[in-house]
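I am opening a fresh notebook page for this protein. Come along and look over my shoulder while I browse.

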Amino acid sequence: MARPMCRNGSSRALRSIFDTSRTNDAAVPTFLAPAFARGSPAQTSSFSTTSQCRSKIGRAPLSLPPEVTFTVMQMPSKGQGMNISRQEPESVAEITGPRGKMSVTIPPYMSIFGNEESRTQTLSVLDEKDKRQRTMWGTIRADLQNHILGVSEGHTAILRLVGVGYRATIEDKAVTKQPEYPGQKFVSLKVGYSHPIELGVPQGVVASTPQATRILLEGVEKEVVMQFAAEIKQWRRPEPYKGKGIFVNDEQIKLKAKKIK
């Protein structure tokens, strides 16, 4: 019994028949002509015809609460004397609120337009097709949004200690560490080690323990708050068999089936 011809072999055979039929002026079946015609639209079309879209995060306007002040200031060009840098000067956006004051450096290719009536700020870039400008467009906008929320309401992180005997307390002094600034507090963890784990609270962050198995972190800068939460979590990461560990905010894990020998 003859083996069936593979797809590539059949394609070559049909194409050879089509090429020879054109030289011999023979009639070609109509259902084969579109598939094997050279230069057909299906073979010459590009991979994608969609237009490049703008940054969805960067183009969204920033809403300012009534108690927040948003100011953009131009920085002087770098250089001293006659040796002046040719790079365009950057600008700094200062955000002031009831909880503090923060600033973000704006690249020279980015502009901020404000509307006093609606109390909104909109970001734009010079070249939307440039990859770096598109990337920084959304990044700077996200940083500004986090700072606006930080100086008005503040950022929080709640850590849950799940495990038998897991406890956390806030101490004024530490045995294994020295304070980095006056009045620094320390988080003391009991998470299954032979000794308590002591971590210094960063400056600008307020730590408290509403319950023995809960740690509440509050601060103006979101990056500092979440970084300290990650450092605490590092001492007992959640494990997937018993579900024990330190969880940040609404973090959940999928438990695995126990290994049976």
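Here are my entries, from the whole chain down to a single residue.

**Entry 1: the whole protein**

I noted that this is a predicted model. I looked up the secondary structure and found 5 helices and 15 strands. Next I checked burial: 29% of the 261 residues count as buried. For the surface, I wrote down about 18400 Å² exposed, with carbon and sulfur atoms supplying 53% of that area. I also looked at contacts with a separation of 6 or more, and 49% of them join residues 24 or more positions apart.

**Entry 2: the sheet with β1, β8 and β7**

I asked myself in which order the strands of this open sheet lie. The 3 strands follow the order β1-β8-β7, and their pairing is antiparallel. At the edges I found β1 (62-63) and β7 (110-115), each pairing on one side only. I then followed β1 to its partner β8 (residues 120-125), where 2 bridges hold the antiparallel pairing. Opposite Leu-62 I found Gln-121 in β8. Lying across β1, β7 and β8 is helix α4 (residues 131-152), which runs at about 160° to β8.

**Entry 3: the sheet with β2, β5 and β6**

I turned to an open sheet of 3 strands in the order β2-β5-β6, again with antiparallel pairing. Its edge strands are β2 (69-74) and β6 (100-106), each with pairing on one side only. Neighbouring strands here are turned by 20° against each other on average, direction ignored. I looked up how β2 meets β5 (residues 91-97): they run antiparallel and are joined by 6 bridges. Thr-71 stands opposite Glu-94 in β5. Helix α4 turned up here too, packing on the sheet and touching β2, β5 and β6, with its direction at about 170° to that of β6.

A reminder to myself: strands of a sheet pair through backbone hydrogen bonds, either parallel or antiparallel.

**Entry 4: Phe-70**

I picked one residue of strand β2, Phe-70. Is Phe-70 buried or exposed? Its relative accessible area is 12%, and Phe-70 counts as buried because that value is under the 20% cut-off.

Which residues is Phe-70 in contact with, leaving aside its neighbours within four places in sequence? I listed Leu-64, Ala-93, Glu-94, Ile-95, Ile-112, Gln-121 and Leu-144. Glu-94 I had already met opposite Thr-71, and Gln-121 opposite Leu-62.

Last, I compared Phe-70 with Gly-114: they are 44 residues apart in sequence, and 9.1 Å apart in space from C-alpha to C-alpha.

Terms used:
Residues numbered from 1 in each chain as written. Predicted model: local features only at pLDDT ≥ 70, side-chain atom pairs only at ≥ 80, totals over all residues. Heavy atoms only, no water. Pairing = 2+ DSSP bridges. Helix = DSSP H or I, 4+ residues; strand = E, 2+ residues; numbered from the N terminus. Contact = heavy atoms within 4.5 Å. Axes fitted to C-alpha atoms, helices over the stretch in contact; angles between N-to-C directions. Buried < 20%, exposed > 50% of the residue type's maximum accessible area, 1.4 Å probe, protein only. Areas by Shrake-Rupley, 256 points an atom, 1.4 Å probe, with all protein chains shown as cover.
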